[in-house]
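Trainee: I am new to this structure and would like a close look at a single part of it. Please begin with the whole and then work towards that part.

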Amino acid sequence: MRRSHLACITVAGLMIAMPAAAVPSPASQREIRHLLAHLEASGCEFQRSGQWYDARAARAHLDTKYQYLLRRDMVQDTDDFIANAATSSSMDGGAYMVRCGGVVQPSSDWLRAELARIRKQGDAAPKK
C-alpha cells in the first residue's frame, strides 16, 4: 500500500475514533439564550475586572465567552454556562457581579435565580 493511502486511512480512522464535541441540549440552549436576553433586558449593571458595564455590553461579553467555551467543548449544559462563562473573569479570576436597583450580588447567584424561576414556570422547558 502506498504511503499516501496509508496516511488517508490513518487520518480517517482517527477522525472516526474521535468523539464528537458535545453540544448543549436544545433545552439548555434555550435556557442559555433566555439568560443572555434576560441580562440584556434587565437594565442592570455588570461588573467584571473591577469595571461596571451596562447590560448590553455584559450580554455581548458573556455571549462571546460562551461561544469560545463551546468551541472548546467546555459547556455541556446551562449550569456549565453559568459556572464557566458567567461567574468570574478568566483573565484575573475576579468574580462577576450584578447590580440591580442598588443591590449587588454575584452574577452566578443572579443567573441561577432566574434559571430557577424559568424552570419552575416552564418558560425554557423542552417542548414536547
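Trainee: About how much area does the chain expose, and what percentage of it do carbon and sulfur atoms supply? After that, please take helix 2 as the part to examine: which of its residues are buried, and what covers them?

Mentor: The model is predicted, so local features need pLDDT of at least 70 and side-chain atom pairs count only at pLDDT 80 or more, while totals for chains, interfaces and linings use all residues. Residues are numbered from 1 along each chain as its sequence is written, and side-chain values use heavy atoms, with hydrogens and water left out.

The chain exposes about 8,000 Å², and 57% of that comes from carbon and sulfur atoms. These areas are from the Shrake-Rupley method with a 1.4 Å probe; for residues, only the protein chains shown count as cover. Of the 128 residues in the chain, 27% are buried. Buried means under 20% relative accessible area, exposed means over 50%, and partly exposed is in between (1.4 Å probe, protein chains only).

The chain has five helices and four strands, and their order along the sequence is α-α-β-β-α-α-β-β-α. Both kinds of element are DSSP runs numbered from the N terminus: helices are H or I with at least four residues, strands are E with at least two. Among contacts with a separation of 6 or more, 56% join residues 24 or more positions apart. A contact here means heavy atoms within 4.5 Å.

Now to helix 2. Its 17 residues reach 24 Å from the first C-alpha to the last, close to the 24 Å expected at 1.5 Å a residue. The expected span is 1.5 Å times one less than the number of residues. The buried residues of helix 2 are Ala 27, Ser 28, Glu 31, Ile 32, Leu 35, Leu 36 and Leu 39. Their cover includes strand 1, helix 3, helix 4 (78-85) and helix 5.

One of the links from helix 2 to another element is a salt bridge, that is, a side-chain nitrogen of Lys or Arg within 4 Å of a carboxyl oxygen of Asp or Glu. Glu 40 pairs in this way with Arg 59, at 2.9 Å from N to O. The pair joins distant parts of the chain: Glu 40 is in helix 2 (residues 26-42), Arg 59 is in helix 3 (residues 55-71), and 19 residues separate them. Glu 40 is partly exposed at 32%, and Arg 59 is also partly exposed, at 22%. The pair is part of a network of salt bridges that links Glu 40, Arg 56 and Arg 59.

Helix 3 also holds His 61. Apart from its neighbours within four places in sequence, His 61 is in contact with Arg 48 and Tyr 96. The C-alpha atoms of His 61 and Arg 48 are 9.8 Å apart, for residues 13 places apart in sequence.

Past the end of helix 2 comes Gly 43, whose phi is positive, near 75°. Cys 44 forms a disulfide with Cys 100, the sulfur atoms lying 1.6 Å apart; a disulfide is a pair of cysteine sulfur atoms within 2.5 Å. The torsion about the S-S bond is about 115°, so this disulfide is right-handed. Cys 44 is in the loop between helix 2 and strand 1 and Cys 100 is in strand 3, so the pair ties together parts that are 56 residues apart in sequence. Cys 44 is buried at 7%, whereas Cys 100 is partly exposed at 21%. The structure holds one disulfide.

Strand 1 and strand 3 also share a salt bridge. Glu 45 and Arg 99 meet at 2.8 Å, N to O. Because Glu 45 lies in strand 1 (residues 45-48) and Arg 99 in strand 3 (residues 97-100), the pair ties together parts 54 residues apart in sequence. Glu 45 has 31% relative accessibility and Arg 99 has 27%, so Glu 45 and Arg 99 count as partly exposed.

Helix 5, one of the elements that cover helix 2, has a salt bridge within it. Glu 114 and Arg 117 have their closest N and O atoms 2.8 Å apart, and they sit three residues apart in helix 5 (residues 107-121), about one turn of the helix. Glu 114 is buried at 6%, while Arg 117 is partly exposed at 33%. A search of the whole structure finds six salt bridges.
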